[in-house]
Amino acid sequence: MTLDKFRPYVSRFLDPFVKGFDRVGMSPDGVSVLAFGMAILAAVAFFLGGQAAPIWYVVAAILVFCNGWLDIVDGALAREQNVASAGGDLLDHVLDRYADIVVIGGLAAGVGDYFLGFLAVTGVVMTSYLGTQAQAVGLDRVYGGLVGRADRLAIIGLVGFLAYPVSGTYGGLTLIGWLLVFLAVVGHLTAIQRFVYSWSALE
């Protein structure tokens, strides 16, 4: 279950955004920074959703989807401008990891469950780490596994929309709390899955 493999099929939908950013002089690095800004705003909105008014969850969901979309656009823009580089790839990945951290931090702070937040963020970070570490040891970058970043953002966004009308607790946790449990469990399982795949490929 990974949406990352569908990236090549969304290229035609990217064209208007790529052309638009190129027309206004935006660089791929600038789009990466803009995507990170969306993640920060999403984290704030998730916090407000848990602490102030649930309608903020809808705002957070929209911002998460914006972050994911811009994360695809920056690479397409780099290819359009013929400026793809190792430095741009590094910046993109660093900002993606920080984006993951701040969004999960916002989720955890909103419901006041920092232990679940810790488990979720370590699972997510380790998933991404194992994907790039495979490349560092001579393999192709690994995107597979139970849940990739595209899947994760889609699920976070969907739960964000559902968290507005669906209130209350279920088994002692809110919908956001169960989302953190899901991210923790599936994140660590995906990391282990990627490790086993990479280990086997090196033998």
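**Helix packing and the nonpolar core**

The axes of helix 6 and helix 7 approach to within 10 Å and cross at roughly 165 degrees. Because an angle over 145 degrees counts as roughly antiparallel, helix 6 and helix 7 are described as roughly antiparallel to each other. The crossing of helix 6 past helix 7 is right-handed. On the side of helix 6, the contact is formed by Arg152, Ile155, Ile156, Val159, Leu162 and Ala163; on the side of helix 7, Leu175, Ile176, Leu179, Phe182 and Leu183 take part. These values, like those that follow, were computed from a predicted model.

Helix 6 also packs against helix 3. The axes of helix 3 and helix 6 come within 7 Å and cross at roughly 160 degrees. That angle makes helix 3 roughly antiparallel to helix 6. The crossing of helix 3 and helix 6 is left-handed, whereas helix 6 passes helix 7 in a right-handed crossing. Helix 3 contributes Tyr57, Val58, Ala61, Ile62, Val64, Phe65, Asn67, Gly68 and Asp71 to the contact. The residues supplied by helix 6 are Arg149, Leu153, Ala154, Ile156, Gly157, Leu158, Gly160, Phe161 and Ala163. Ile156 and Ala163 of helix 6 thus appear in the contact with helix 3 and also in the contact with helix 7.

A further pair is formed by helix 4 and helix 7, with axes that come within 9 Å and cross at roughly 140 degrees. Helix 4 is therefore oblique to helix 7. The crossing of helix 4 and helix 7 is left-handed. In this pair, Ile104, Leu107, Ala108 and Val111 of helix 4 meet Ile176, Leu179, Leu180 and Leu183 of helix 7. Ile176, Leu179 and Leu183 of helix 7 take part here and also in the contact with helix 6.

The largest nonpolar core contains 41 residues, and the members that touch the most others are Phe46, Leu107 and Ile156. At least two residues of this core come from each of helix 1 (11-23), helix 2 (28-51), helix 3 (55-80), helix 4 (86-111), helix 5 (114-136), helix 6 (149-163) and helix 7 (175-202). Helix 3 gives the most, with nine residues. Beyond its neighbours up to four places away in sequence, Leu107 touches Phe46, Ile156, Ile176, Leu179, Leu180 and Leu183. Two residues in this list, Phe46 and Ile156, are named together with Leu107 as the members of the core that touch the most others.

Individual residues illustrate the packing further. Valine 73 lies in helix 3 and is buried, because its relative accessible area is 0%, which falls under the 20% cut-off. Residues up to four places away in sequence left aside, valine 73 touches Leu14, Phe17, Val18, Phe21 and Val31. One of these partners, valine 18, is 55 residues away along the chain, yet the C-alpha atoms of valine 73 and valine 18 are separated by 6.4 Å.

Valine 121, in helix 5, has a relative accessible area of 18% and is therefore also classed as buried. When neighbours within four places in sequence are excluded, valine 121 is in contact with Ile101 and Ile104. The C-alpha atoms of valine 121 and aspartate 100 are 7.4 Å apart, although the two residues are separated by 21 residues in sequence.

Serine 198 lies in helix 7 and counts as buried because its relative accessibility is 7%. Its contacts outside the neighbours within four places in sequence are with Ala134, Leu139 and Val142. By contrast, asparagine 82 is exposed, with a relative accessible area of 69%. Asparagine 82 is placed in the loop between helix 3 and helix 4. Its phi angle is near 55 degrees, a positive value in a residue other than glycine.

An unreviewed UniProt entry lists residues 30-48, 55-72 and 176-197 under "transmembrane region". In the model, residues 55-72 are 100% helix and 0% strand, and the C-alpha atoms at the two ends are 27 Å apart. Residues 176-197 are likewise 100% helix and 0% strand, with end C-alpha atoms 31 Å apart.

Technical notes: Residues are numbered from 1 along each chain as its sequence is written. This is a predicted model: local features need pLDDT of at least 70, side-chain atom pairs count only at pLDDT 80 or more; totals for chains, interfaces and linings use all residues. Side-chain values use heavy atoms; hydrogens and water are left out. UniProt positions are given in the numbering used here, feature names are shortened, and annotations may be inferred rather than shown by experiment. Helices (H or I, at least four residues) and strands (E, at least two) are DSSP runs, numbered from the N terminus. A nonpolar core is a set of buried Ala, Val, Leu, Ile, Met, Phe, Trp, Tyr and Cys residues joined through side-chain atoms within 4.5 Å. Buried means under 20% relative accessible area, exposed over 50%, partly exposed in between (1.4 Å probe, protein chains only). Contact means heavy atoms within 4.5 Å. Axes are lines fitted to C-alpha atoms, for helices over the stretch in contact, and angles run from 0 to 180 degrees between N-to-C directions. Angles under 35 degrees count as roughly parallel, over 145 as roughly antiparallel, 65 to 115 as roughly perpendicular and the rest as oblique. A crossing is left-handed if the near helix is turned anticlockwise from the far one by less than a right angle, and right-handed if clockwise.
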